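Reader: I would like a close look at a single part of this model. Please keep the answer connected and brisk.

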Amino acid sequence: SHTREAISVKQLLPGIWQWSWFSEDKQLDFNGLFLNVGEHKILVDPPPMTAEAHTFVRRQGALDYIIVTNRDHVREAASYQADFRCQLQVPEADVAQMDVKPSKTFKDGELLPGGIWVIHLNDQKSPGESALYIQQGKGVLIVGDALIGKPAGGLSLLAPEKYGDITKARDGLRRLLKYNFDSILVGDGASIVFGAKQAVEQALQT
């Protein structure tokens, strides 16, 4: 389909852009985010960039850091860390299982530069799975593997075999509902810019 090729970087919200790389293997878009928040410029879970996406990020000025939300979302983080000469921040609980050298690790409740709160999620696929929360507009939640954006407009958990216990995993995700948000930006699948809280509630109903 032509859409997979076309859009290099699209703006989702003020100061937040997304680019996607289609995974033939997973038949899903892998998304990376470029955030320009609180005077900081940040990449989240970066998949490969097209030349246009790379140029776009370069033009924004010096990149401050890259955040990886879990051990399986390293993607191109190491090469972009070298390329953009920025810091790399990863979840403390996953660092031992990651093939990167982070500048810093983070844990639950930390406030990262730019005003990004770390929400550690228990009983997920990896011990360090973390969502990121930005108090902007009606609230923005960024998730790695905690929820997948499929079908488009909806959210789902990973396949049950990915978890030690899917009931515990679902319970762990209920913590997200304590936050006020209207947008959820996903690492895999389609992000939901409006009405996301309802989509999370629906995904967690059993």
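Which residue in S4 is the bridge partner of Leu35? Please start there and work outward through the strands around it.

Author: The model is predicted. In S4, Leu35 has Ile42 as its bridge partner. That pair belongs to an antiparallel pairing of S3 and S4, which runs over five bridges. S3 covers residues 28–37. S4 covers residues 40–44. The hairpin they form has two residues between the strands. Gly38 takes a positive phi there, near 50°.

S3 has another partner. S2 and S3 also pair in the antiparallel sense, this time over eight bridges. S2 spans residues 16–23. Phe22 has Asp29 in S3 as its bridge partner. The S2 and S3 hairpin has four residues between the strands. Gln27 takes a positive phi in this hairpin, near 55°.

Look next at the end of S2. Ser23 lies in that strand. Its relative accessibility is 4%, so Ser23 counts as buried, the cut-off being under 20%. Leaving aside residues up to four places away in sequence, Ser23 touches Leu28 and Phe30. S3 itself is mostly covered. Eight of its ten residues are buried.

Now follow S4 into the loop after it. Asp45 sits in the loop between S4 and H2, a helix of residues 51–59. Its phi is near 45°, a positive value in a residue other than glycine. Asp45 has a relative accessible area of 2% and is therefore buried. Asp123 offers a useful contrast. Asp123 also has a positive phi, about 60°, and is not a glycine. It lies in the loop between S9 and S10. With a relative accessible area of 42%, Asp123 is partly exposed.

Asp45 also leads to a cavity. A search of the whole structure finds one cavity of 30 Å³ or more. About 40 Å³ of space lies in the largest cavity. Asp45 is one of its lining residues. Asn31, Leu33 and Val44 are also in the lining. So much for the early part of the chain. The lining also includes Ile142, Val143, Leu185, Val186 and Gly187. S3, S11 and S12 each supply at least two lining residues. By class, the lining divides into six nonpolar, two polar and one charged.

S11 and S12 carry the story onward. Both are among the elements that each supply at least two residues to the largest nonpolar core. That core has 26 residues. Those with the most contacts inside it are Leu141, Leu147, Leu155, Leu173, Leu176 and Ile184. S10, H4 and H5 also each supply at least two residues. H5 gives the largest share, four residues.

Take Leu173 as a sample of that core. Residues up to four places away in sequence are again set aside. Leu173 then touches Leu121, Gln124, Ala146, Leu147, Leu157 and Leu204.

One last backbone feature belongs to this later region. A cis peptide bond joins Lys150 and Pro151. Its omega is about -5°. Pro151 is found in the loop between S11 and H4.

To return to your starting point: Leu35 and Ile42 are bridge partners, and S3 pairs with S4 as well as with S2. S3 also supplies at least two residues of the cavity lining, as do S11 and S12.

Key. Residues are numbered from 1 along each chain as its sequence is written. This is a predicted model: local features need pLDDT of at least 70, side-chain atom pairs count only at pLDDT 80 or more; totals for chains, interfaces and linings use all residues. Side-chain values use heavy atoms; hydrogens and water are left out. Buried means under 20% relative accessible area, exposed over 50%, partly exposed in between (1.4 Å probe, protein chains only). Contact means heavy atoms within 4.5 Å. A nonpolar core is a set of buried Ala, Val, Leu, Ile, Met, Phe, Trp, Tyr and Cys residues joined through side-chain atoms within 4.5 Å. On a 1 Å grid over the protein atoms alone, a cavity is a set of points where a 1.4 Å probe fits but cannot get out, and a pocket is an open set with protein on both sides within 12 Å along at least five of seven lines; lining residues have an atom within 4 Å of a point. Grid points are joined across faces, edges and corners, and a volume is the space filled by probe spheres set on the points. Ala, Val, Leu, Ile, Met, Phe, Trp, Tyr, Cys and Pro count as nonpolar, Asp, Glu, Lys and Arg as charged, and the others, Gly among them, as polar. Two strands pair if DSSP finds at least two bridges between them.
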